[in-house]
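User: I am new to this structure and would like to go through its salt bridges. Please show it first.

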Amino acid sequence: MSLGAMGVGASASELRETALEYFRPLPSTVPAVADNPITEEKIDLGKALFFDPRLSASGVFSCYSCHNLTTGGDDNMETSVGHGWQKGPRNSPTVFNAVFNEAQFWDGRAADLKAQAKGPIQAGVEMANTPENVVATLNSMGQYVDWFTAAFPEEGDPVSFDNMAKAIEAFEATLLTPAPFDAWLNGDDNAMSSDELAGLALFMDKGCVACHSGVNVGGEGYYPFGLIEKPGSDILPEGDMGRFAVTATVDDEYVFRAGPLRNIALTAPYFHSGKVWDLNVAVKIMAESQLGEALSEEDTDQIVAFLGALTGSMPEITTPVLPAETASTPRPRQEVIPN
């Protein structure tokens, strides 16, 4: 196999030594998150909230609706469908391993998962609810009150919008997917095939690691989409200017957070616009737009093979049994409120 600039004779240990300059394997335990100690009680509560559609105004949409834990942690749609069957503006990222992202959303507007959890619940095109209605809903069911009390035992009034978000963050922090790449980084020479290793060498040699590195093979840093050659408006819609909407800084026009690449083989369609369904095509577009290089079919196939080694083992999730509504539970509403 060709190992590019590292030389045909590069050994597995030499390739691994180089790879460890750019990547880190997933940890074997649930990572800590800032200002939110993770406990079993908090994880269990967060799982219930993640699956509960009553966090939405209509009672139809839950976190799980856009982050399906059976299909790669996203919804496999160009852009997600939400309240009143409205279509959102961007492709839904995977929730798996999202705890390792520098920030959340394509434009990084949420600093962490607890901040991210609040966004879709209040977005008019997603779950279209309010913090007050969410708290009223949760307080109307005694089982939820008990669960919040167990998860936040030191608080006199534990049922709050902030604590809801913290519980969801605790659950999402457990959604890790160890992959063959992790086993290889940890020393298992047989964990990856020759094509996957050749693709890893190309991924590093070509410069993909300039944006896609770290434990999540991306999810860190903000970069222009079209650094060398701007894609067409079918892939990079002119109306979505990325991080510019967060910072109002001209330099941030069409700048997005680098996408994390773990489980990328499962999460088509690709890019924030969701316009590309073929991973080989997506790799070629990135090479041309970000690196100014036209990849051969062999190089593309090998890089895609490497990306396949990032597909991990999905955690086994038992669907929770949710508390039943009571007479005081706010009723679902369907009307669409203009944003």
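User: Are Asp182 and Arg262 buried or exposed?

Analyst: This is a predicted model. Buried means under 20% relative accessible area. Asp182 falls in that class, and for Arg262 the class is also buried.

User: Which parts of the chain does the pair Asp182 and Arg262 link?

Analyst: The side chains of Asp182 and Arg262 form a salt bridge, 2.7 Å from N to O. Asp182 belongs to helix α8 (residues 180–185), and the two residues are 80 residues apart. The distant part at the other end, where Arg262 sits, is the loop between β2 (255–257) and α11 (279–291).

User: Which residues are joined into one network by salt bridges that share partners?

Analyst: One of the salt bridges here pairs the side chains of Asp107 and Arg90, at 2.9 Å from N to O. Through shared partners, the network consists of Arg90, Asp107, Arg109 and Asp240.

User: What is the relative accessibility of Arg90?

Analyst: Its partner Asp107 is buried, with a relative accessible area of 4%. The cut-off for buried is under 20%. Arg90 counts as buried too, and its relative accessibility is 15%.

User: How many residues apart in sequence are the parts that Asp107 and Arg90 tie together?

Analyst: Asp107 lies in the loop between α3 (63–66) and α4 (113–122). Arg90 is also placed in the loop between α3 and α4, so the parts tied together are apart in sequence by 17 residues.

User: How many salt bridges does the count come to?

Analyst: Another pair is Asp52 and Arg54, whose side chains meet at 2.9 Å, N to O. Both of these residues are buried. For salt bridges, the count comes to 14.

Key
Residues numbered from 1 in each chain as written. Predicted model: local features only at pLDDT ≥ 70, side-chain atom pairs only at ≥ 80, totals over all residues. Heavy atoms only, no water. Salt bridge = Lys/Arg side-chain N within 4 Å of Asp/Glu carboxyl O. Buried < 20%, exposed > 50% of the residue type's maximum accessible area, 1.4 Å probe, protein only. Helix = DSSP H or I, 4+ residues; strand = E, 2+ residues; numbered from the N terminus.
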